[in-house]
Amino acid sequence: MFKKIFLFFIFLVLVFSRFFYLDRFPVGISHDELEYILSAKSYFSSGTDLSGVSFPASIFQTNTLGSISFLPALVLSPYYGLVPLNQFTARLPYVIVNLLTAFVFYLLVKKLFQNKNFAILSSILFLANPWSFYLSRTASDTAFALLFYLLGINFILDKSSKKLFLSFLFLVLGFFSYHGAKPILIPLVLVCLFGFKTKLNIKPKLLFLFGIVAVFSLYFLGSRFFSNSASQTRSQEILFLNKDLISQTVNTDRQASLESPLKNIFTNKLTISLEIFFQKYFSAFSPDTLFISGDNSGTYRFSRHGLFYLVDFIFIIIGLISLFKKYPNQAKFLSLLILISPLATAISTVGTSTVNRSFLLFPILIIFSSFGIFSVNKFLSLLIFISFTGFLYFYFFRFPIIGQENYFFSQRVISNYIVRNNTSNLIVVDSEPREVFLETLFYSSKNKTENATFTSTCPQDFNPKITYIIKSSICPLKMDNIKSINEEQFGGPLYYIVNDSLCSSYPSQKYLRFHLIKDYLLEKMENSNFCQTWIKSI
């Protein structure tokens, strides 16, 4: 009885931690998140995404930042259309999607191993995992792709051929949920159909594979009929299609080599393409990424914490060895899934990111880690729970500072400044004025942006009747009596405020480095508290 109560307590902690301070942390909304959230609201209000492209054309074509996938925004459009936007309401659907994914993961593990206790342990580790926690509090298309792909795997492994339709449906939904899910669709289906022993006959397997290939092909063929289609605009982001990048790298490497008749043999487009591919591919398995610092991309990087815990490293190794001894069929199947998981990371020319593009990697590694614990002693799972407690401290008390600009917190401050200062004219100067405008739109419940102009051009002179908010990195200023919005970790100014008209009557200081959790609920602060906390003097 005690074990059941304790297990229930752990589940409650893991579930409710996802709702804990959801209105404050992460500390802002990233630009990618804005595209999905505001596109969903735009679908509801006008029938188009944020770039003005309507469904079903948005299946193939969009002019949104990053050419977002249409499905998550379309699915969430009724919700975002009806609720007021803030950080809590924006991220709530993704918490729910993550919890649903944990349940589907439980069903999948139970089906694979026919062991309820092991499935429960695996779902606990899923909920306690930092990678999973990150996805639960980020408005990302990855969360939908993971849910749909796990559902697809779950049904394709069913003994009944009648469930293949459901698998087909969910795999297609995953394909349309996230561009990073597209490269692994066909390899995933091949592994599920032929990499795991099931009672399915060859005919339904081949029909299923043909249907998946048809959807894949029709999507890319259909994209050719739309100008600026997502597949066309993002084709240069695919390694093997970016001829300019490969040619430039080949030339650079050849120029940096001594003359030799072997130069063209060992330095050519094929060797360079494979070198870049495997460099990115193996980065997904980097111990630094998985256990120390998190994703390589600065936008998604924890910096001081891995996507797994250090103790997971030992459990994963034990689990992998034990699985091959006790469940060789399942171990081979899961290993094949791991091998295909980083393909989207490997073929992308846009940075080297794991947390989103290799999303299928982490549930498989969780199974290995869980089986390592299960094989030795189930009470070792307490080490994961203790590690999770340490991660919560990192996430809520350290990450808000060291990861401040991962979520563009300074632009959240700007948005609040503009909304509060709606009687004065303002000019905001930033290298990405559209994104600052969208941030302001998100945080403004009544669209209080009419008094603000957003531009990337530095002012030549200053009108004393206008308040200027200027990004310090593009327009360096040497003036007296100006204020700033600072980078909290090191205290340097990110934005200058010239002719401050909101906070001039409140005392301010150069540095205020010891903030409290309540300070991150900016939208509820009084003007005096907002100004004294977030607007600094220079």
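Helices here are DSSP runs of H or I at least four residues long, numbered from the N terminus. With that in hand, the predicted model can be walked through starting at its N-terminal end, where Phe6 sits in helix 1. Phe6 is partly exposed, at a relative accessible area of 31%. It belongs to a nonpolar patch on the surface that also takes in Phe2, Phe9, Phe379, Leu382, Leu383 and Ile386, and together these residues present about 730 Å² of accessible area. Two helices feed the patch: helix 1 (2-16) and helix 20 (381-402) each put in at least two residues.

Now to the sheet. Six strands make up an open sheet with mixed pairing, laid out in the order 2-1-3-5-4-6. The edges go to strand 2 (452-455) and strand 6 (536-537); each has a single partner strand, so one side of each has no neighbour in the sheet. Further in, strand 3 (residues 466-471) has five of its six residues buried, so the rest of the structure largely encloses it. On one flank, strand 3 pairs with strand 1 (residues 425-429) in the parallel sense, over five bridges. Within that pairing, Val428 has Ile469 of strand 3 as its bridge partner. Strand 3 also runs antiparallel to strand 5 (residues 493-498), the two being joined by four bridges. Here Ile470 stands opposite Tyr496 of strand 5.

Towards the strand 6 edge, the pairing is again antiparallel: two bridges join strand 4 (residues 483-486) to strand 6. Lys483 faces Ser537 of strand 6 in this stretch. As for what packs on the sheet, helix 22 (residues 433-443) lies across strand 1 and strand 2, and runs at about 150 degrees to strand 2.

That leaves the charged pairs. Side chains of opposite charge can pair when their charged atoms come close. With a cut-off of 4 Å between a side-chain nitrogen of Lys or Arg and a carboxyl oxygen of Asp or Glu, the count comes to twelve salt bridges. One of them links Glu33 and Arg91, whose closest N and O atoms are 3.0 Å apart. Glu33 is in helix 2 (residues 31-46) and Arg91 in helix 4 (residues 87-113), so this pair ties together parts that lie 58 residues apart in sequence. Both ends of the bridge are tucked away: Glu33 counts as buried at 1% relative accessibility, and Arg91 is buried too, with a relative accessible area of 0%.

Another salt bridge runs between Asp288 and Arg301, with the closest N and O atoms 3.6 Å apart. Asp288 belongs to helix 15 (residues 287-292), while Arg301 is in the loop between helix 15 and helix 16 (310-326), so the parts tied together are 13 residues apart in sequence. At 29% relative accessibility, Asp288 counts as partly exposed.

A third pair, Asp519 and Lys518, has its closest N and O atoms 3.5 Å apart. The two partners sit on opposite sides of the burial scale: Asp519 is buried at 9% relative accessibility, whereas Lys518 is exposed at 54%. Finally, salt bridges also link Glu35, Arg434 and Glu435 into a network.

Notes
Residues numbered from 1 in each chain as written. Predicted model: local features only at pLDDT ≥ 70, side-chain atom pairs only at ≥ 80, totals over all residues. Heavy atoms only, no water. Buried < 20%, exposed > 50% of the residue type's maximum accessible area, 1.4 Å probe, protein only. Pairing = 2+ DSSP bridges. Patch = residues over 30% accessible without salt bridge, like charges linked within 9 Å, V, L, I, M, F, W, Y side chains within 5 Å. Areas by Shrake-Rupley, 256 points an atom, 1.4 Å probe, with all protein chains shown as cover. Contact = heavy atoms within 4.5 Å. Axes fitted to C-alpha atoms, helices over the stretch in contact; angles between N-to-C directions.
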